[in-house]
Every structure is written in structure tokens, then in C-alpha cells.
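The following text explains how the elements of one protein model are arranged. The sequence and the coordinates are shown first, and the explanation follows them.

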Amino acid sequence: MLVGLDVGGTKILGVALGENREVIALQRRDTPAQAGDADALVATMAEVVESLRDDIGRTASRSPAVGVGLPGLVDRSGRLQFAPNLAGLRDADLGPRLGAATGAAAVRVDNDATCAMRAEYALGAAVGADHAILVTMGTGIGGGLVLDGRVMRGAWGFAGEVGHMVIDADGIDCVCGRRGCWEQYASGNALGRMGRETAEQGLGASWVALAGGSITDVRGEHVTAAATGGDPAARALVERFADWFAIGLANLVDILDVERCVLGGGLVAAGDTLLEPIRSSFAIRLLAASHRPEVAIVPAQLGDRAGAIGAALLAAEAPAPTPGL
Ligand SMILES: [Zn+2]
């Protein structure tokens, strides 16, 4: 039995996969408020695993193989080094502790977006693309890389932190402690902030209405919904946001020369309202776009389950070497 957990800043999603790698059970819990306390986090993760085993039947789920995706820097040994979105949890070896708490046969741990990339490449929007990137627009921006048909993890396991690519050295303060990171301009949270700022200048009536009438409740999804509804101010804001997104995406494609970019996160539900402006800006921002094959920019297919499914697939892989760690 394969179990995968996707641990986020607010939610923990767990799945169990069947013989054909289909989801046969699913459990959600809130991430404990004191997520920086590894004991509390492991207890909730173990609860998710136990509930999945109850769903499937204890006999069938004896000694599950468990994979975990974590939002932060996870080294190749599976140790979490740094996670600003988990209340600053750092230097935590959650895998062995989860194994001890659940009797799992093995626990493998990796970065959450790398897990999502693994799932989209095996089962979703990146199938058949041996050079692909996944970029998720959520609280921040996560990234996963497939090059030459392999999920890339880097020398230490830290590859793919695309959200902290600096695109404005004197720009907005970031949670990582630096300034001007891409995710401050092109994540779901960034679009929400832009929506609130624009509304404070008196231009956001349509998306403030969608947010229930309060500017402070505006999120990125309200802006994309207003744009889908045809509001010109919302369309203009989405175009500005899409250009910020395209700047970072073009940097990545300039370096990596991928054939397909898979975009994930809640905002992508807006479909072509968001994707078309991104494609238009990307074609302008990319180096020599008219002298190279078109790069496909497509929505993710596995939704918010991608990270958990990819973590379960990780559990099925042989352990990777751990150079130097
Ligand atoms: Zn940053």
C-alpha cells in the first residue's frame, strides 16, 4: 500500500493509491497551529495515515510505504532544513518519527512542489514531456523540474525553489528574508494584494463585491472571477499580474529550455482568463521566441491532490543517494 501526505501551511492532505496508482482513499486535516512544534505536526500526520488505513482496511494496509511532501527545503536524506510557511520549522527529521508513530515500512520525504511535479509527470499534465516545469501559484510559488526524463532534485535536494528567484533587487520584502522574490509579484497571494491595493484606489468594485463587500477579504480568485465576468479593470489587473508571471517563467525557460510549462494552484481554475495573458506576455518576454518551437503553457491536471499523489509515488521509489548529507 502506498500513502502520500502533502503538508501545507494550513492543510494536510493524505491519499492512498491503489494498484493502478488511482486514489482509493483521501483524508484532510488542518495543519496544527503550532506547526513549528515537530511533535504536534508528526501527531497530526500520523492521524492522517491511521485514518487512511481505517478507510482501506487494516489487513490490506499493513506496513504501508509512506511519502511526505513538505513546503520548504528538504535535503536528499529527507531532512527538512527550512520551512518559512510551517511556522519557521527547521532542521527536523520528520520521516523517521512518522515511521515510528505509524509502523510504516518506509517513509520518504521531499519538497511538496517536487512531489507535485513527480505526479504531473507520471499521471497528469506533463506526461510525455521529458523537459517540463511545474509552477504552482498559491500562497507562494512552488516549482518542480523534469529534465531529460528525470525529476531533478539538485546536489542537496533544494532544486526548484523558483518562487524565490529575485526579479526586483530593491522590491517587496519576502518571507525568506530577502527582497523582490518572484512570488511577491506572481503568486495567488500577490494577486490578492494587488486586488486590495487597486480597490483602495477606488477601482475594484466588481471584485470587492465578489469578496462579500470588504476590501480586506479580497483574494486573487476574486480578481480572476471579475475578469472572467468581463470587468475591464479586473482584466487590466490580470494582464499586469500575468506579465509579472511571464517575466519569471521566461527566465526559467531561457535557462532550462523545457517544452512544457504546467501551471498549478487555485488561480489556474480561471483557465484562459489567466492563461491567455500569460501566454501573450511570455511570447514577448522569452528570448528569441520567434526562432524556437512554441513552448506549451498548460494547466495542471491533478489539482490539489498532486502533491500527495506525488509523495505516494516517491514512497514507491528506491532511496536516492545522499551525497554529503
Ligand atoms: Zn523570497
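**Helix packing, domains and sheets**

The axes of helix α8 (residues 232-256) and helix α9 (residues 272-285) come within 8 Å of each other and cross at roughly 50°. Here axes are lines fitted to C-alpha atoms, for helices over the stretch in contact, and angles run from 0 to 180 degrees between N-to-C directions. Helices (H or I, at least four residues) and strands (E, at least two) are DSSP runs, numbered from the N terminus. The helices α8 and α9 are therefore oblique to each other; angles under 35 degrees count as roughly parallel, over 145 as roughly antiparallel, 65 to 115 as roughly perpendicular and the rest as oblique. The crossing of α8 and α9 is right-handed, a term used if the near helix is turned clockwise from the far one by less than a right angle, and left-handed if anticlockwise. On the α8 side, the contact is made by Val238, Glu239, Ala242, Asp243, Phe245, Ala246, Ile247, Leu249 and Ala250, and α9 contributes Thr273, Leu274, Pro277, Ile278, Ser281, Phe282 and Arg285. Two residues are in contact if their C-beta atoms, placed from the backbone, lie within 7 Å. By class, this contact of α8 with α9 has eleven nonpolar, two polar and three charged residues. Ala, Val, Leu, Ile, Met, Phe, Trp, Tyr, Cys and Pro count as nonpolar, Asp, Glu, Lys and Arg as charged, and the others, Gly among them, as polar.

This is a predicted model: local features need pLDDT of at least 70, side-chain atom pairs count only at pLDDT 80 or more, and totals for chains, interfaces and linings use all residues. Residues are numbered from 1 along each chain as its sequence is written.

The domain assignment gives domain 1 (2-116 + 305-315) and domain 2 (128-300); such bounds come from an automatic or database domain assignment. Taken over C-alpha atoms, the centres of domain 1 and domain 2 are separated by 27 Å. In the contact between them, 13 residues of domain 1 meet 17 residues of domain 2. On the side of domain 1 that touches domain 2, β5 (73-74) and α3 (112-123) each supply at least two residues. Helix α3 gives the most to that side, with four residues. By class, the same side of domain 1 has six nonpolar, four polar and three charged residues.

Helix α3 also takes part in another packing. The axes of α3 and helix α10 (residues 306-315) come within 7 Å and cross at roughly 80°, and α3 and α10 are therefore roughly perpendicular to each other. Among the residues that meet there are Cys115, Met117 and Leu123 in α3 and Ile309, Leu313 and Leu314 in α10.

The sheets come next. One open sheet of five strands has the order β3-β2-β1-β4-β7, with mixed pairing; two strands pair if DSSP finds at least two bridges between them. Its edge strands, each pairing on one side only, are β3 (23-30) and β7 (106-111). On average, neighbouring strands of this sheet are turned by 15° against each other, direction ignored. Within the sheet, β1 (residues 2-7) and β2 (residues 11-17) pair in the antiparallel sense over six bridges, and Leu2 has Leu17 in β2 as its bridge partner. Helix α1 (residues 38-56) packs on the sheet, touching β1, β2, β3 and β4 (65-70), and its direction makes about 150° with that of β3. Helix α2 (residues 94-102) lies across β4 and β7, running at about 145° to β7.

A further open sheet of five strands follows the order β10-β9-β8-β11-β12, again with mixed pairing. Here β10 (150-151) and β12 (296-299) are the edge strands. Strands β8 (residues 132-137) and β11 (residues 260-264) run parallel and are joined by five bridges, and Val135 stands opposite Leu263 in β11.
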